[in-house]
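Let's take a walk through this structure together. Keep the sequence and the 3D view side by side as you read.

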Amino acid sequence: GTIGAPGNGPGQLSDPRAVAIEKDGSLLVLDAGRNGVSRFTSDGRFLDFVAMPGGYHPNGLALEPDGAV
């Protein structure tokens with residue numbers, strides 16, 4: 001299936017760069033265009049978005065063993 005749609009609103013992706021999968025199966029998508037991370041369920045339902053601090057422009061995404069991004 002498809003995760004997200006083009007755009008800048010909730011559940012939309014502007015410039016996706018990386019994906020990680022959490023232990024519970026949730027998908028994290030790094031969106032460089034929106035400067036943050038969107039989280040989706042394993043079946044593609046949007047959960048939330050966390051903005052990155054200003055001036056930070058990530059190009060990758062990694063999870064620590066304890067689940068920290």
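What follows starts with the sheet, moves into the core and ends with a few individual residues.

Before setting off, note that this is a predicted model, where local features need pLDDT of at least 70, side-chain atom pairs count only at pLDDT 80 or more, and totals for chains, interfaces and linings use all residues. Residues are numbered from 1 along each chain as its sequence is written, and side-chain values use heavy atoms, with hydrogens and water left out.

Let's begin with the sheet. It is an open one made of four strands, in the order β3-β4-β5-β6, and the pairing is antiparallel. At its edges sit β3 (16-21) and β6 (46-51), each of which pairs on one side only. From one strand to the next, the twist averages 20 degrees; here axes are lines fitted to C-alpha atoms, for helices over the stretch in contact, and angles run from 0 to 180 degrees between N-to-C directions. As for the naming, helices (H or I, at least four residues) and strands (E, at least two) are DSSP runs, numbered from the N terminus. Two strands count as paired if DSSP finds at least two bridges between them. In general, strands of a sheet pair through backbone hydrogen bonds, either parallel or antiparallel.

Now follow the chain from β3 into β4. These two strands form a hairpin with five residues between them, and G25 in the turn has a positive phi of about 95 degrees. Their antiparallel pairing runs over five bridges. You can check the register by eye: P16 has D31 of β4 as its bridge partner, while A18 stands opposite L30.

The next step is from β4 to β5. Strand β4 (residues 27-31) pairs with β5 (residues 36-40), again in the antiparallel sense and over five bridges. On this side, D31 stands opposite G36 and L30 stands opposite V37. Four residues lie between the strands of this hairpin. One of the residues in that loop is N35, whose phi is near 55 degrees, a positive value in a residue other than glycine. N35 is buried, with a relative accessible area of 15%; buried means under 20% relative accessible area, exposed over 50%, and partly exposed in between (1.4 Å probe, protein chains only).

How many residues of β4 are buried? Five of the five are, so β4 is largely enclosed by the rest of the structure. Both of its faces are covered, with L27, V29 and D31 buried on one side and L28 and L30 buried on the other.

That brings us to the core. The largest nonpolar core has six residues, namely A18, A20, L28, L30, V37 and L61. A nonpolar core here is a set of buried Ala, Val, Leu, Ile, Met, Phe, Trp, Tyr and Cys residues joined through side-chain atoms within 4.5 Å. The elements giving two or more residues to this core are β3 and β4. In soluble globular proteins, nonpolar side chains tend to be buried together. Leaving aside neighbours within four places in sequence, L28 is in contact (heavy atoms within 4.5 Å) with residues including A18, A20, V37 and L61.

Next, have a look at the rings. A search of the whole structure finds one aromatic pair. The rings of F40 and F46 have their centres 5.7 Å apart and their planes at 70 degrees, so the pair is edge-to-face. For rings of Phe, Tyr and Trp (its six-membered ring), a pair needs centres within 6.5 Å; planes under 30 degrees apart count as stacked, over 60 as edge-to-face and the rest as tilted. F40 counts as buried at 1% relative accessibility, whereas F46 is partly exposed at 27%. Elsewhere, R34 lies over the face of F49, at 4.0 Å from the ring centre; a charge sits over a ring if NZ of Lys or CZ of Arg is within 6 Å of the ring centre and within 35 degrees of the ring normal.

Two last stops remain. S14 lies in the loop between β2 (12-13) and β3 and is partly exposed, with a relative accessible area of 38%. Apart from neighbours within four places in sequence, S14 is in contact with G7, N8, D31, G33 and R34. P65 is found in the segment after β6 and is exposed, at 70% relative accessible area. The C-alpha atoms of P65 and P6 are separated by 31 Å, with the two residues 59 apart along the chain.
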